[in-house]
Amino acid sequence: MRKDIMLRNLSFRDINPLTLGAQKCAAGHSWGPSLRSYFLLHYVFSGSGVFSTPRGAKTITQGQLFVIRPDELCSYKADGINPWHYCWVGFESAGPLGDILADDCYDAPQCGPLFYSLPDTASTESRPEWFVCGRIYEILSRLGAPENEKPGGPAHYVRMACNYIESQYMENITVAGIAALLNLNRSYFSKIFRRHMGKSPQDYLVDFRLRKAAELLPGSGLTSGEVARMVGYADELNFSRMFKRKFGMPPTRFRRPQTASCK
């Protein structure tokens, strides 16, 4: 017994749902070898089967999830005695899923509740594509982070710090404040940040602010002082000095069309 949920292709950029359904397979039911042009996740509610990729064959059982990647030849077959009952969701993605979906299969009982209600709930939604898109994000969030970015690891802290700087650069933020938000010693935070990014967190913050200023100055109609405040500088003179140090000219000259180039 198979249930398909019809979805429209709305061409979402990061996660774009394409197909959704569930099936209680007959004994020995198979697909492939063939390939898909999108990601396809199968979550097994009960029973078992074999999933085969270029890396080998694996038996998949209840509570596990297997991953079909775009343009990769694979096949799968239900067990001859205890065939599987699964739910699938397929989607395109422009996001960096190589780390999240690094393995062919996952022990994923934590994803079970998300898959159990997915087909029935989506079929009653007025905008099922939006609902399914959100559910895919939830599923991916529960599959865990790569080893070098697990919560509590240095790369995890550095990525969070970079995101904070890039979203809050216009505010009065400090390295000490960022370290405190991460519950890290400032010296340790600065050390791991420099190791991963090749510069101190203060230099990263300054560089990011000045690059944003360089984007705003040409043709914006804003004064140098207005731009300074918009990128987090309360002191216009300090902003002008730092800007000249980075770009070789003061912001008042940089803003002119003939000199508005950022090297």
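Over the ring of which residue does the charged end of Arg 209 sit? In this predicted model, the ring is that of Tyr 233, and the charged end of Arg 209 is placed 5.7 Å from the ring centre. A second arrangement of this kind involves Lys 246, whose charged end sits over the ring of Phe 247 at 5.6 Å from its centre.

Contacts between aromatic rings were examined next. A pair of aromatic rings is described by the distance of the centres and the angle of the planes. A search of the whole structure yields 22 aromatic pairs. One of these is formed by Phe 45 and Tyr 116, which are stacked, with 4.5 Å from centre to centre and 15° between the planes. The planes count as stacked because the angle of 15° falls under the limit of 30 degrees. This pair links distant parts of the chain, since Phe 45 belongs to strand β4 (residues 39-46) and Tyr 116 to helix α1 (residues 112-116), 71 residues apart. Phe 45 has a relative accessibility of 8% and therefore counts as buried, whereas Tyr 116, at 47%, counts as partly exposed.

Another aromatic pair, Phe 189 and Phe 193, is edge-to-face, with 5.8 Å between the centres and 65° between the planes. Both residues lie in helix α6 (residues 186-197), where they are 4 residues apart, about one turn of the helix. An α-helix has 3.6 residues a turn, so residues three or four places apart point the same way. Phe 189 counts as buried because its relative accessibility is 0%, and Phe 193 is likewise assigned as buried at 0%. Elsewhere, one aromatic cluster is formed by Trp 31, Phe 51, Phe 66, Tyr 76, Trp 84, Tyr 86 and Trp 88.

Strand β5 (residues 48-53) pairs with two strands. With strand β6 (residues 56-61), β5 runs antiparallel, and 6 bridges join the two. The connection from β5 to β6 is a hairpin through 2 residues. Within this pairing, Ser 48 has Thr 61 of β6 as its bridge partner. Strand β5 is also joined to strand β8 (residues 74-78), again in antiparallel orientation, by 4 bridges. Here Ser 52 is bridged to Ser 75 of β8.

Helix α4 was considered in more detail. The 15 residues of α4 should span 21 Å at 1.5 Å a residue, and the end C-alpha atoms are 21 Å apart, so the expected and modelled spans agree. The buried residues of α4 are Ala 155, Tyr 157, Val 158, Ala 161, Cys 162 and Ile 165. These residues lie on the same side of α4, because they cover an arc of only 160° around the axis. The buried residues pack against α5 (175-181), α6 and α7 (201-216). Helix α6, one of these packing partners, is also the helix that holds Phe 189 and Phe 193. On the face of α4 turned away from the buried side are the exposed residues Arg 159 and Asn 163.

Gln 168 is also located in helix α4 (residues 154-168). With a relative accessibility of 28%, Gln 168 counts as partly exposed, because the partly exposed class lies between the limits of 20% and 50%. The C-alpha atom of Gln 168 is 9.9 Å from that of Leu 205, although the two residues are 37 residues apart in sequence.

Definitions and conventions:
Residues are numbered from 1 along each chain as its sequence is written. This is a predicted model: local features need pLDDT of at least 70, side-chain atom pairs count only at pLDDT 80 or more; totals for chains, interfaces and linings use all residues. Side-chain values use heavy atoms; hydrogens and water are left out. Buried means under 20% relative accessible area, exposed over 50%, partly exposed in between (1.4 Å probe, protein chains only). Two strands pair if DSSP finds at least two bridges between them. Rings of Phe, Tyr and Trp (its six-membered ring) pair if their centres lie within 6.5 Å; planes under 30 degrees apart count as stacked, over 60 as edge-to-face and the rest as tilted. A charge sits over a ring if NZ of Lys or CZ of Arg is within 6 Å of the ring centre and within 35 degrees of the ring normal. The expected span of a helix is 1.5 Å times one less than its number of residues. The arc is that of the directions from the helix axis to the C-beta atoms. Contact means heavy atoms within 4.5 Å.
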